[in-house]
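This report looks at how a ligand is held by its protein. Start with the space around the ligand, then follow the contacts.

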Amino acid sequence: MRFSEKLRQEADPIFNAIFEHPFVKGIGEGNVPKQALIHYVMQDYEYLTTFCRIYGLAVSKCTTREDMTFFQEQIGFVLNEEIHPHNNFCEVAGVRYEDLQKAPLAPTAHHYTRHMMEASINGSLGETLAALAPCPWTYWEIGRKLKSEVNPDKQHPFYDWISFYGNDEVGTITETFMAKIDACAEQAGEREKELMLSHFLKSSQLEHQFWTMAYEQEEWPVRLQSSISSL
Ligand SMILES: Cc1ncc(CO)c(N)n1
């Protein structure tokens, strides 16, 4: 079995819990509470900004131009393309995207980004890829599943979101992650492969927790007047 397939198999209970999450189910049913959509976009905007910085750390682990090009293209994808699903949520919630930018990261989003940063600063390229992969991978599977099960038409409020993540482009990104993870695993020792599995599972758990964070509008326990830091 490919190492990437083993990662996916070990994470199966987490992926299934994500498919059953009320936020994700709500996207399929065209019915997500407005405040959950707003909290999601506020947090995801900052999460994706941090993700680009993490891709920069990943570039520092690359020894080939091919790997560098992949991460460079991923930064372009986040900055130029992933604004579309955010806009879909904003339209449904009836808010302006510009008004949701510059929030401080809530605890779960902070935890998730720091986990990926730690793996990319201290780990190998394989560990970095394993920590980052659940990001496109879970969304690709959510998108593909909702596309086939709901088969939304243009009247569906989340038609754009489902079409975006169920699209082949996100599938190709996931497959590239898998191929690069497999190539790294072939060169890796047992300890490194254990760490790759551990990073992959933790990021998958944090993907699930990110949906809960948005659904329950998780905040820091003490609310402050100023929100100076979005880092
Ligand atoms: C938290 C999170 N995970 C994955 C994606 C998909 O890129 C996203 N936009 N946000």
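In this predicted model, the ligand takes up the space of the largest cavity. Three elements each give two or more residues to the shell around the ligand: helix 4 (34–59), helix 9 (134–150) and helix 12 (190–215). Helix 4 gives the most, with four residues.

Ten names make up the surroundings. The ligand is surrounded by Tyr40, Asp44, Tyr47, Leu48, Glu82, Cys135, Tyr139, Tyr165, Glu207 and Phe210. By class, seven shell residues are nonpolar and three are charged. The shell has no polar residues.

Which side chains place an N or O atom by a nitrogen atom of the ligand? Tyr139 does, and so does Glu207. Glu82 has a polar side-chain atom by an oxygen atom of the ligand. The distances follow.

| Side chain | Ligand atom | Distance |
|---|---|---|
| Glu82 | oxygen | 2.8 Å |
| Tyr139 | nitrogen | 3.3 Å |
| Glu207 | nitrogen | 2.7 Å |

How much of the ligand does the protein bury? Taken alone, the ligand exposes 280 Å². The protein buries 97% of that area.

Now the wider chain. An unreviewed UniProt entry places the feature "domain: Thiaminase-2/PQQC" at residues 9–216. In the model, that span is 80% helix and 0% strand. The C-alpha atoms at the ends of residues 9–216 lie 29 Å apart.

Conventions. Residues numbered from 1 in each chain as written. Predicted model: local features only at pLDDT ≥ 70, side-chain atom pairs only at ≥ 80, totals over all residues. Heavy atoms only, no water. Near = heavy atom within 4 Å. Polar contact = N/O pair within 3.5 Å; in protein donor to acceptor, adjacent residues only side chain to side chain. Areas by Shrake-Rupley, 256 points an atom, 1.4 Å probe, with all protein chains shown as cover. 1 Å grid on protein atoms, 1.4 Å probe; cavity = no way out; pocket = protein on both sides within 12 Å on 5 of 7 lines; lining within 4 Å. Sits in = over half its atoms within 2 Å of the grid points. Nonpolar A, V, L, I, M, F, W, Y, C, P; charged D, E, K, R; others polar. UniProt positions renumbered as here; feature names shortened; annotations may be inferred.
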